[in-house]
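Biologist: Please take one part of this protein and describe it closely, in terms that a first-year student can follow. I should like to hear about the nonpolar residues, both at the surface and in the interior.

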Amino acid sequence: MDLQAFFMENAAPFREEEFPLSERFSRNGEPAVFRLRGISEEENAALRRQCRKTGEFGETDGEEYLAKLTAACVAEPDLNDAALQRSWGVMGAEALLKRMLAAGEFARLAERAQAVCGFDEPVRELADEIKKESCRATQNSTTPITPCMS
């Protein structure tokens with residue numbers, strides 16, 4: 001096996017794509033696009049840690065995580081730009097996305113952000129499946145296995 005292929009200098013950069021989210025965002029008749037970038041698992045783990053619910057054993061707030069993941073993947077426009085946030089009357093990249101996008105626009109952007117990170121299934125579906133598996137794994141062998149309640 002040639003280990004050279006795995007060296008950092010030989011790895012391709014994370015995936016990027018331009019995504020024309022909505023006709024609502026245009027300038028001089030030209031549609032504005034969101035430029036999305038994939039993030040590393042290191043960045044992803046940091047986002048998950050930020051979304052842990054207090055008082056809950058290792059549980060992640062899925063909505064907060066999805067908002068943070070989506071915002072982290074948006075390379076353009078700069079969601080941390082103070083003038084852009086001021087124009088929408090919010091502070092923070094996630095708050096900006098939630099204010100500026102319609103519900104369906106946010107859902108489409110979140111889906112594309114997940115895809116650019118390499119997720120084959122939406123993150124919420126993965127989280128639900130992980131929860132189900134962890135519930136089954138915590139039951140002892142003398143207890144009949146029953147589905148976990150959400």
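Modeller: Let us begin at the surface of this predicted model, where Met1, Leu3, Phe6 and Phe7 make a nonpolar patch of about 540 Å². Of these residues, Leu3 may serve as an example. Leu3 is found in the segment that precedes strand S1 (16-19). Its relative accessibility is 53%, so Leu3 counts as exposed, the cut-off for that word being over 50%.

The interior offers a contrast to consider. In soluble globular proteins, nonpolar side chains tend to be buried together. Here, the largest nonpolar core comprises 27 residues, and those with the most contacts inside it are Phe34, Leu79, Leu97, Leu101 and Leu109. Two or more residues each are given to this core by strand S4 (34-37), helix H2 (62-73), helix H4 (93-100) and helix H5 (103-116). H2 supplies the largest share, namely six residues.

Phe34 deserves a closer look. Leaving aside residues up to four places away in sequence, Phe34 touches a set of residues that includes Phe19, Leu21, Phe25, Val74 and Pro77. Leu97, Leu101 and Leu109 are also among the residues that Phe34 touches, and these three are likewise named among those with the most contacts inside the core.

Finally, a word on confidence. The mean pLDDT of the protein is 84, and 79% of its residues reach 70 or more. For residues 137-141, however, the pLDDT is below 50, and this stretch has three contacts in the model beyond near neighbours in sequence. Residues 143-150 also stay under 50, with six contacts beyond four places in sequence.

Key. Residues are numbered from 1 along each chain as its sequence is written. This is a predicted model: local features need pLDDT of at least 70, side-chain atom pairs count only at pLDDT 80 or more; totals for chains, interfaces and linings use all residues. Side-chain values use heavy atoms; hydrogens and water are left out. A nonpolar core is a set of buried Ala, Val, Leu, Ile, Met, Phe, Trp, Tyr and Cys residues joined through side-chain atoms within 4.5 Å. Buried means under 20% relative accessible area, exposed over 50%, partly exposed in between (1.4 Å probe, protein chains only). Helices (H or I, at least four residues) and strands (E, at least two) are DSSP runs, numbered from the N terminus. Contact means heavy atoms within 4.5 Å. Patches are made of residues with over 30% relative accessible area and no salt bridge: like charges are joined within 9 Å, nonpolar side chains (Val, Leu, Ile, Met, Phe, Trp, Tyr) within 5 Å. Accessible areas come from the Shrake-Rupley method with a 1.4 Å probe; for residues, only the protein chains shown count as cover. A salt bridge is a side-chain nitrogen of Lys or Arg within 4 Å of a carboxyl oxygen of Asp or Glu. pLDDT is the predictor's confidence in each residue, from 0 to 100.
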